[in-house]
Amino acid sequence: MKHLPVAGKAITLLFTAAFLVACSGSDTKESDEAAAAAAAAEAARAAEQAAAAASSTEEARMREAAMAVGNVFYFEFDSSTLTPQAREALDAHIVLLKSNDQTVRLEGHTDERGTREYNMALGERRANAVRDYMAGSGVANYRVESVSYGEEQPVGYGSGESNWSQNRRVELK
Amino acid sequence: MKTVALALFNVVLLVVSLGAKAELVIEITQGVDDPTAIAVVPFAWQGSGTAPEDISVVVQSDLERSGQFAPVDRRDMLGFPSTQKDIFYRDWRAIETEYVLIGRVSSTDQMRIEYELFDVLRQASVYKGVEQGSPNEARMLAHRVSDRVYEALTGIRGAFATRLLYVAVTRVPQGKDHYRLTLADSDGARPIVLLESREPVLAPAWSPDGKHIAYVSFETTRPAIYRQNLLTGAREQLTNFRGLNGAPAWSPDGRTMAMVLSKDGSPDIYLMDLASKRLTRVTRHYAIDTEPTWMPDGKSLLFTSDRGGRPQIYRYDLASGQSNRLTYEGAYNARARVAQDGRNVVMVHQKSGRFHIALLDLVTDRLQILTSTELDESPSIAPNGSMLLYATKFQGRGILAAVSVDGGVKFRLPARDGDVREPAWSPYMSR
């Protein structure tokens, strides 16, 4: 996922407020106005800071939760049904995605069994199952792109269920 | 713009010959029970210097690879005749030779191979021929000799003077695998890398005239179908749709390409008119419809669909627009390819959890399992319908393997390094 510069925005606002204060003149009348402006700016700055701090803490907390569950969701053989574990993990990502406007790429994969093009379609079905689950929780389809790699990019190269189960997956990127 | 830069970085178009040395090694594992004993006598070289290629070695290994012949070892030959008058039939009878092939090779601007096949028992000429061409094509000329000899003795047109496309993959631990779309002679010799990429390359397919190929490349980080002219190297991206862009299959008249797109929701079969690029949707089903392939008459398509719950082969009739299920035996039948006779259909078939190549006879409706390996896929039939190539795993590596349509002849074609997969046997090449 692309990290939006939320903290960066707050810093820009702070800098603007400081710049306004520094620019206020020494003329009495103007300085009264300047003082008023500065006070207003100060209030705005404090409010911004508090909001930014709250939002960045919340953002960081959601991001941590999403990172903790990982970005890979696993499937049973020839199945595109989300497992309860996958749903739970996805929920953490959905909370985060609903707080921002990021786009995500869902890469669907299969194990080596069966034909390559059928697996290409199966990988897409898995990615779309994740997309549809996210849509059902309010993450709009236009923010999500499904790309299937079929059996082309295994994580485990060997044969046998221990490798195959690692390879039947959707990666959220 | 990022995509363009990536594409340039990720893919290298090449027409670089790797030399005559084959990337693939041939290991014959099973032949017919009573192969025909044939002596391919070293052809007499009548040019200056040394011969650029040992024609008779190429012919001998072609015949041996068919599994139907047992070539006589050169060291057992009592003489190397190159004309009819030098053939002493009793010498050949003594070493139980049934047929003798002799020849003479000369080369100036053109290479010329004159050859004649004799029946030892009848003491008579069976076939006599001449092949001519560029000395650079010496091996292809030798394969044409094999084609003629094979046809004279079996009644079936030879398919040695054909080519293969395959995908070679070098694994890069902790990194992106290295894909090479490769073109080689039917015996694996003279490999040429057509495309190199760090993103997946798959589904190579031939145009019916053997002059163009199509494939799927992920070089833009999404799948797209490309068409490439083998002579000029000119390359064209045919599709760029959201979702799947896969399984290109040329129609027998070369004008239309069947493909799989999921742009309208689920994977369906579409036809692209190659002149206008206009698309026609063929299947409309929420299930997976994929892996289209044409019947030789161009009137119907076979495809894989899981509309019945599990992947099975269906036939779509272009005139009526109706799809009918063809396979009922087994829970997984996919990626059909049809022999030129329109009768033999090969496919991936699952039995007891293993994936084999099976042959369905459309006349008798009988399904026969041809292979005993267990992760078999991507069958591709020779243009004469006698053998098929497929991909499998052997000792942990992806290799190509071949089996005759009666299951009697088998050989393996592992790569010297890395994995090889997705063989596509060319049509007959126009001269």
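Biologist: Which strands of chain B make up the open sheet that includes strand 16, and in what order do they lie?

Modeller: Start with the general idea: strands of a sheet pair through backbone hydrogen bonds, either parallel or antiparallel. Keep in mind that we're looking at a predicted model. Here, 4 strands of chain B form an open sheet in the order 16-17-18-19, and the pairing is antiparallel.

Biologist: Okay, and which strands are at the edges of that sheet?

Modeller: Look for strands that pair on one side only: in this sheet they are strand 16 and strand 19 (279–281) of chain B. From one strand to the next, the twist averages 30°.

Biologist: How many bridges join strand 18 to strand 19 of chain B?

Modeller: There are 3 bridges between strand 18 (residues 268–273) and strand 19 of chain B, and the two strands run antiparallel. If you want a pair to find on screen, click on B:L271, whose bridge partner in strand 19 of chain B is B:T280.

Biologist: Let me try another sheet. What is the strand order in the one that holds strand 20 of chain B?

Modeller: That open sheet has 4 strands in the order 20-21-22-23 (chain B), again with antiparallel pairing. Strand 20 and strand 23 (323–325) of chain B each have a single partner strand, so one side of each is left without a neighbour in the sheet. Ignoring direction, neighbouring strands here are turned by 30° against each other on average.

Biologist: Which residue is the bridge partner of B:Y316 in strand 23 of chain B?

Modeller: That's B:S323. The strands involved, strand 22 (residues 312–317) and strand 23 of chain B, run antiparallel and are joined by 3 bridges.

Biologist: Which helix packs on this sheet?

Modeller: Helix 4 of chain A does, touching strand 20 and strand 21 (300–305) of chain B. The direction of helix 4 of chain A makes about 155° with that of strand 20 of chain B.

Biologist: So the two chains meet. How many residues does each chain bring to the contact?

Modeller: In general, the size of an interface is often given as the accessible area lost when the parts come together. Here we'll go by residue counts: chain B gives 27 residues and chain A gives 19 residues. On chain B's side, the elements giving two or more residues include strand 12 (201–206), strand 16 (245–250) and strand 20 (289–294). Strand 24 (333–338) and strand 28 (377–381) of chain B are also among them. By class, that side of chain B has 14 nonpolar, 7 polar and 6 charged residues.

Biologist: Now helices. At what angle do helix 3 and helix 4 of chain A cross?

Modeller: For a pair of helices, look at the axes. Those of helix 3 (residues 84–98) and helix 4 (residues 116–136) of chain A come within 11 Å and cross at roughly 55°. The two helices are therefore oblique to each other, and helix 3 of chain A passes helix 4 of chain A in a right-handed crossing. A:R87, A:L90 and A:I94 in helix 3 meet A:V130, A:Y133 and A:M134 in helix 4 of chain A. That contact has 5 nonpolar, no polar and 1 charged residues.

Biologist: How far apart are the axes of helix 2 and helix 4 of chain B?

Modeller: They're 9 Å apart: helix 2 (residues 55–65) and helix 4 (residues 138–154) of chain B pack at an angle of about 45°. These helices of chain B are therefore oblique to each other, and the crossing is right-handed. Helix 2 of chain B contributes B:I55, B:V58, B:V59, B:D62 and B:L63, while the residues from helix 4 of chain B include B:A142, B:V145 and B:Y150. The contact has 9 nonpolar, 2 polar and 2 charged residues.

Biologist: Where in chain A is the pLDDT below 50?

Modeller: Over residues 1–26 of chain A, a stretch with 28 contacts beyond near neighbours in sequence. Chain A averages a pLDDT of 81, with 77% of the residues scoring at least 70. Chain B averages 93, and 95% of its residues score at least 70, but pLDDT stays under 50 over residues 1–9 of chain B. The model scores ipTM 0.91 and pTM 0.87.

Technical notes
Residues are numbered from 1 along each chain as its sequence is written. Chains are lettered from A and ligands numbered from 1 in the order in which they are written. This is a predicted model: local features need pLDDT of at least 70, side-chain atom pairs count only at pLDDT 80 or more; totals for chains, interfaces and linings use all residues. Axes are lines fitted to C-alpha atoms, for helices over the stretch in contact, and angles run from 0 to 180 degrees between N-to-C directions. Angles under 35 degrees count as roughly parallel, over 145 as roughly antiparallel, 65 to 115 as roughly perpendicular and the rest as oblique. A crossing is left-handed if the near helix is turned anticlockwise from the far one by less than a right angle, and right-handed if clockwise. Two residues are in contact if their C-beta atoms, placed from the backbone, lie within 7 Å. Ala, Val, Leu, Ile, Met, Phe, Trp, Tyr, Cys and Pro count as nonpolar, Asp, Glu, Lys and Arg as charged, and the others, Gly among them, as polar. pLDDT is the predictor's confidence in each residue, from 0 to 100. Two strands pair if DSSP finds at least two bridges between them.
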